[in-house]
Structures are given as structure tokens and as C-alpha cells.
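Subject: Structure for your files

Hello,

Here is the structure I said I would pass on. My notes on it come after.

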Amino acid sequence: MRLLPALALAAFACMAHAADRAHDEHSFAEPRLVRITATDLDLRVDFDQRVLRGQAIHRLEWATPAAPGPVDLVLDTRELTIERVQARAAEGRWQPVEFSLAEADPILGSRLSIHLPQRLPEVRIRYRSSPAASGLQWLPPALTAGGRQPLLFSQSQAIHARSWVPLQDTPGVRFTYTARIRTAPGLMALMSADNDPAAQPDGDFRFTMPQPIPSYLLALAVGDFRFRPITERGGVWAEPALLERAAAEFADTGRMIEVAESLYGPYRWGRYDLLVLPPSFPFGGMENPRLSFITPTILTGDRSLVSLIAHELAHSWSGNLVTNASWKDFWLNEGFTTYVENRIVEALFGAERAAMETAIGQAALRETLAGLPPERQVLALPPFPGRDPEEALNDVAYVKGQWFLQFLEQRFGREAFDAFLRRWFDAHAFQSVTTDDFLAFLRRELMARQPGRVSEAELAAWIAGPGLPPSATPVVSTRLAAVDAARADWLERRSTAADLDTEGWVTQQWVHFLEDLPADIGAERLVELDAAFRFTGTPNGEIAERWYPITVRAGYFEARPALAQFLRQVGRRKLILPTYRALAETPDGLAFARSLFQQAAPGYHPITRASVQAVLDAAAR
Ligand code: BES
Ligand code: ZN
């Protein structure tokens with residue numbers, strides 16, 4: 001369904017005048033009253049109890065510090081136990097203060113109200129996290145590559161930082177931080193901060209993050225991590241068993257940084273390191289500043305999936321430097337980043353590789369759009385309080401956002417558009433922004449200088465209209481067109497699978513081959529494919545993601561043991577949910593999925609566990 005242009009325009013005008021797109025419905029905090037500017041964490045990592053225990057000191061900037069009388073400092077928490085709260089005047093003595101923890105909201109957690117006698121500049125909170133903290137995964141040694149040491153990692157985006165630190169958990173507030181982390185000796189602690197490649201694992205670590213960051217970029221990992229340099233200013237951390245493979249796979253990282261800098265200005269964060277996590281990491285990557293967290297499922301040996309590194313690196317400009325003020329404008333983080341990612345891929349691996357990746361994204365977007373109500377197909381989302389901000393985590397933000405920027409690039413020319421984006425990052429560095437801010441900047445810096453290239457109606461259709469605007473031109477990939485031809489030859493039996501010319505095909509071509517197989521393909525045809533290409537048991541997660549759902553729907557039961565092993569081994573949500581969804585379509589498959597989930601769930605991250613559970617619950621209804 002497509003809204004009439006007039007309606008889209010009306011919605012657009014309405015959005016432009018909306019009171020305040022900077023307001024974040026997913027935080028209890030009141031940043032207009034007070035903001036955290038700096039935080040000092042002091043935490044002990046207790047693997048036996050699965051808790052972080054210690055304290056957070058927040059320095060506060062009050063909008064009107066001299067206003068007299070008592071006031072509440074409101075923070076976000078989720079399942080935290082607050083043991084004690086104190087406050088003090090500048091350099092004064094810590095005094096106990098009263099606080100109250102409201103009943104938990106299922107999505108937002110619990111509002112922590114700290115009752116201050118006046119607008120004091122510092123509070124100190126002693127607390128501990130819950131073993132079930134949504135933002136932490138505690139892995140026993142058996143679920144690590146080494147099998148000897150336990151492992152912990154955080155995943156704060158979107159609103160999980162509040163499950164391990166009481167704070168203003170909103171991307172509209174930025175703060176610097178220091179941390180002291182104590183853990184058992186022999187383990188390495190790493191944070192989204194100044195990690196030292198030469199640090200000794202003596203159980204006591206200190207970190208400083210001098211650039212102000214939003215709370216969702218607060219990150220911690222503890223485990224048997226070792227370091228291998230890739231360039232002078234960066235390298236890879238991983239468990240010893242993965243270190244060599246990871247360093248080889250990510251050898252292009254230095255060149256990626258150079259390309260990004262040449263387009264958008266200096267990398268402003270000091271070092272850039274990667275941390276390879278266990279396969280239960282629920283995402284592909286997470287752009288924690290100075291230290292991107294990365295899934296091991298992209299270690300394919302052929303560097304074919306390193307656009308994910310380009311993506312997380314790109315966030316050093318789009319997202320970490322210039323940040324969406326609320327999750328309604330998530331496309332400002334992810335659409336920009338997907339655009340920049342593709343530019344890096346193009347510069348390093350050529351226009352055809354970039355086109356293939358864009359085309360795969362555009363196909364996924366069309367599918368996503370087909371399953372979403374119109375109000376969720378827009379880039380600038382209307383407020384969605386009471387719903388999980390991760391609902392914004394879909395191809396609309398990523399691919400429609402990227403497509404919009406590609407559209408602007410086409411209309412204004414690459415040279416002008418590159419310079420414009422660079423100015424956007426420079427002018428808003430270390431700030432949080434809204435779609436309205438972007439539109440104002442676009443009108444002033446590009447549309448006014450080159451009038452007549454893009455109309456307001458076209459803008460409105462991209463930003464506030466559902467579906468794809470008429471001005472969206474699909475990307476063309478010749479290598480994917482060749483895949484289409486090969487697939488057709490095989491489907492129409494002009495060629496056997498074994499005789500297809502698949503020499504030199506990369507992951508993206510296999511993905512495309514599988515994605516456009518007909519839905520009613522029978523099991524015998526899959527037997528032939530499997531004999532020729534050995535999809536079942538593939539070590540490549542992107543291929544597994546597409547292959548196993550096809551086998552389920554075709555009733556190709558021979559794939560089940562390998563499928564089961566894949567779902568037990570990998571906890572990256574995007575890779576496994578399609579197979580769970582396919583299984584959930586039939587009673588027999590659902591029963592199989594349930595028993596698999598029961599076995600796999602203890603090894604899944606809380607985020608993945610909740611998502612799989614939701615798929616199984618929806619099928620049962
Ligand atoms: N920042 C996201 C991951 C994220 C978004 C986590 C929202 C939680 C809430 C990260 O940069 C990302 O987009 N990762 C993608 C990989 C990318 C190549 C599309 C992923 O994990 O699949
Ligand atoms: Zn991203």
C-alpha cells in the first residue's frame with residue numbers, strides 16, 4: 001500500500017513541526033533538567049554469582065544549578081539492586097540520600113529516583129547487576145573456544161546499558177568515563193575505551209574514555225583474550241584459538257580506515273581494534289568505540305564478509321560521532337552507516353562487489369516492507385513508547401536509509417555529496433541529532449546551493465512515506481545477473497547443478513542463488529544441489545541462513561542434523577531466526593524447533609533467547 005503523495009506530504013509537514021523529535025520515549029531520564037557529563041565506574045566481575053558489583057559516580061550538569069530546594073535525579077535501571085546512594089557538593093563529603101526504585105516496566109525497566117536536597121553536582125551509587133541482566137552474557141568455559149576460562153561480554157544497544165549501570169540510558173546524553181574493573185587474574189578485561197595491547201591480565205584494569213559517548217556505547221568484555229596488531233593504530237583481540245584466523249580475515253582494516261578518512265575526515269577515536277566474540281554474540285557486529293565487537297561467523301577464510309568490519313568502522317563517523325537523539329531516528333545511525341560501509345567496500349573491492357551487496361540489501365528490504373504496516377515503513381518513525389526500540393532494527397533504517405543517501409548522491413553528484421556528508425559529520429561531531437536537523441542541513445547546504453535537483457515532495461516521500469518512492473532506482477549487478485541466468489538454466493534443466501559455471505563465485509553470489517529459488521522447490525532438487533555444492537554443513541553462516549529454511553520448507557530431512565548443529569552452535573540472531581521461522585510453520589517442525597531451542601537456549605544470549613521464544617510463541621497461537 002502506498003500513501004497518496006499529498007498524504008505523505010501532510011505527514012511530513014506534521015513531523016517537521018512535531019514538538020520535539022529529540023525527546024526519547026525509551027528513557028525515564030530528564031535531560032532537560034540535568035545531564036550526566038562524566039562517569040567513574042568501579043566494578044568487580046563475579047563469574048560465580050554472574051554479577052557485576054560495585055559503584056558508579058556520576059558528575060551532573062544541572063540546567064539551573066542554583067535553583068533552590070529538593071529535586072529528583074531520575075535514572076534508568078533494569079533488574080539492578082541498588083544498595084546505597086550518596087551525593088556531595090563539589091569536593092565535599094559524601095552524604096547518604098534517599099532513593100526509590102519504581103516497579104519495573106516490561107520494556108523500560110525501573111525508574112530510579114534519587115531524592116536530592118538540592119542540585120548537587122555528584123552522586124555515587126553502590127549497586128549490583130542481576131545474573132539475568134539483559135545486557136550481559138556470562139559464558140561458562142565450555143561455551144568458549146578455549147574451553148578453560150569463563151567469558152563475559154556486554155551488549156548495551158539499544159536500552160540494555162541500564163541492566164549493568166544505573167544511568168541516563170538515552171542516546172541524547174553523552175558522557176566521558178573512567179573505569180576500574182577487577183576480575184580473577186588470568187583474564188583480560190576490555191572496554192569501549194583506551195585498551196592497552198600490552199596490558200597484563202593481573203586482575204585489575206583501568207580505563208579512560210576521554211571522548212563523550214552515549215550510554216549505548218558503554219561496553220565491557222572479560223575473557224581469555226589475546227592481541228594481534230594489524231596496523232600501527234589497531235589490531236584484533238580474540239581467544240587464542242581464533243587469533244590467527246581473525247588477523248588474516250581482517251587484514252584490510254587499515255585500508256578501510258584510510259578510505260573512510262579520505263572521504264569523511266580524520267578518525268577521531270585514537271586506536272581502532274576489533275574483538276572477536278564467541279558464536280553466541282547475538283549480532284554481527286557492535287560499534288563499541290575504539291573496539292568493535294564482532295561475531296566469529298564472518299571468519300570464512302576468504303574475507304568475503306568483511307563489509308561487516310567496514311560497517312562497524314563506519315559508525316565511528318555515523319552513529320558514534322553523530323548520534324541519533326532517539327531511536328525514532330535510528331536510520332540516522334544505520335542508514336548513514338550502511339551507505340558509508342558500501343562506499344568503503346566499493347573503494348577497496350570495486351563497484352561490482354558493492355553493487356552485489358547493495359542488491360542483496362534491496363531484495364531484503366522489499367521483503368521486509370511486504371511484512372510491515374505502513375507506519376513502520378518510514379525512515380523518521382513516529383513516537384513508539386511502550387514498544388521495544390529494537391522494533392526499529394530492520395531493513396527500513398538500514399537499506400531504505402542507505403538508498404535515500406544514494407538517491408541524494410545521484411541527484412547532487414558524488415563530489416558535492418561527499419563534501420556535504422563530511423560537513424555534516426564535522427558540524428555535528430559529538431552531538432545527538434534528529435531527522436529534522438538533517439533535513440534543515442540538507443536544505444541549507446545542498447538543496448539551496450543546487451536548486452531544482454530534489455523536490456520537497458521527493459524528500460517527503462523518502463522520509464515520511466511508506467514503501468519505496470518512485471525516485472528509488474534499483475542497483476544493477478552484472479555478477480548477480482549471471483547468477484540469475486545460471487539459476488534459470490538449472491531450474492529449466494538446461495544444465496545440471498554440477499555443470500553450472502560457478503567457478504570463482506563469492507558468498508554474495510551463493511546467497512543470491514539461494515534467495516531466488518522458487519518456494520515450491522522439491523526435496524529431490526535440493527539433493528542435486530547439495531551433491532554439487534555441499535550447502536548442508538557449510539561453515540559460512542550467510543549461506544546457512546538461506547539454505548536451512550529452504551531445506552525445511554522442501555521437507556529435505558537429510559539436512560536436519562547439520563541444521564540442528566548450526567542452531568545449537570550459533571546464537572547470532574539474524575542467522576538463525578529464518579530457520580526457526582521455517583520450522584515453526586508446521587506442527588512437526590515446531591516440535592523439532594522447540595526441542596532444539598530447549599537444548600540451545602542456555603548457550604544463547606538473553607536477546608537471542610527472547611527473539612526465538614517470540615517466534616515459537618507466535619506459532620503456537
Ligand atoms: N549497531 C548495530 C547493532 C545493533 C543495532 C544492536 C540496534 C542492537 C540494537 C550494528 O552496527 C549493526 O548494524 N550490526 C549488523 C551488521 C551490519 C553489517 C548490518 C548486524 O549485527 O547484523
Ligand atoms: Zn550498524
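The notes below cover a zinc site and a sheet.

Please keep in mind that this is a predicted model.

Zinc site. The protein donors of the zinc ion (ligand 2) are NE2 of His311, NE2 of His315 and two OE entries from Glu334, at 1.9 to 2.8 Å from the ion. Along the chain, the spacing of these donors reads H-x3-H-x18-E. His311 sits in helix α4 (residues 307-314) and Glu334 in helix α5 (residues 330-349); the two are 23 residues apart, and the pair links distant parts of the chain. Around the zinc ion (ligand 2) there are 6 donor atoms, and the angles they subtend run from 52 to 161°, so the arrangement is irregular.

Are His311 and Glu334 buried or exposed? His311 has 8% relative accessibility and therefore counts as buried, the cut-off being under 20%. Glu334, at 2% relative accessibility, counts as buried too.

Sheet. The model has an open sheet of 5 strands in the order β15-β16-β17-β19-β18, and the pairing is mixed. The edges are β15 (226-231) and β18 (285-286); each has a single partner strand, so one side of each has no neighbour in the sheet. Within the sheet, β17 (residues 273-276) and β19 (residues 291-294) run in the parallel sense and pair over 4 bridges. For Val276, the bridge partner in β19 is Ile294.

Regards

Key
Residues are numbered from 1 along each chain as its sequence is written. Chains are lettered from A and ligands numbered from 1 in the order in which they are written. This is a predicted model: local features need pLDDT of at least 70, side-chain atom pairs count only at pLDDT 80 or more; totals for chains, interfaces and linings use all residues. Side-chain values use heavy atoms; hydrogens and water are left out. Two strands pair if DSSP finds at least two bridges between them. Donors are N, O and S atoms within 2.8 Å of the metal (3.2 Å for Na, K and Ca); water is not among the atoms, so sites may look incomplete. Four donors count as tetrahedral if all angles lie between 85 and 135 degrees; four count as square planar and six as octahedral if opposite donors are over 155 degrees apart and all others between 65 and 115; anything else is irregular. Buried means under 20% relative accessible area, exposed over 50%, partly exposed in between (1.4 Å probe, protein chains only).
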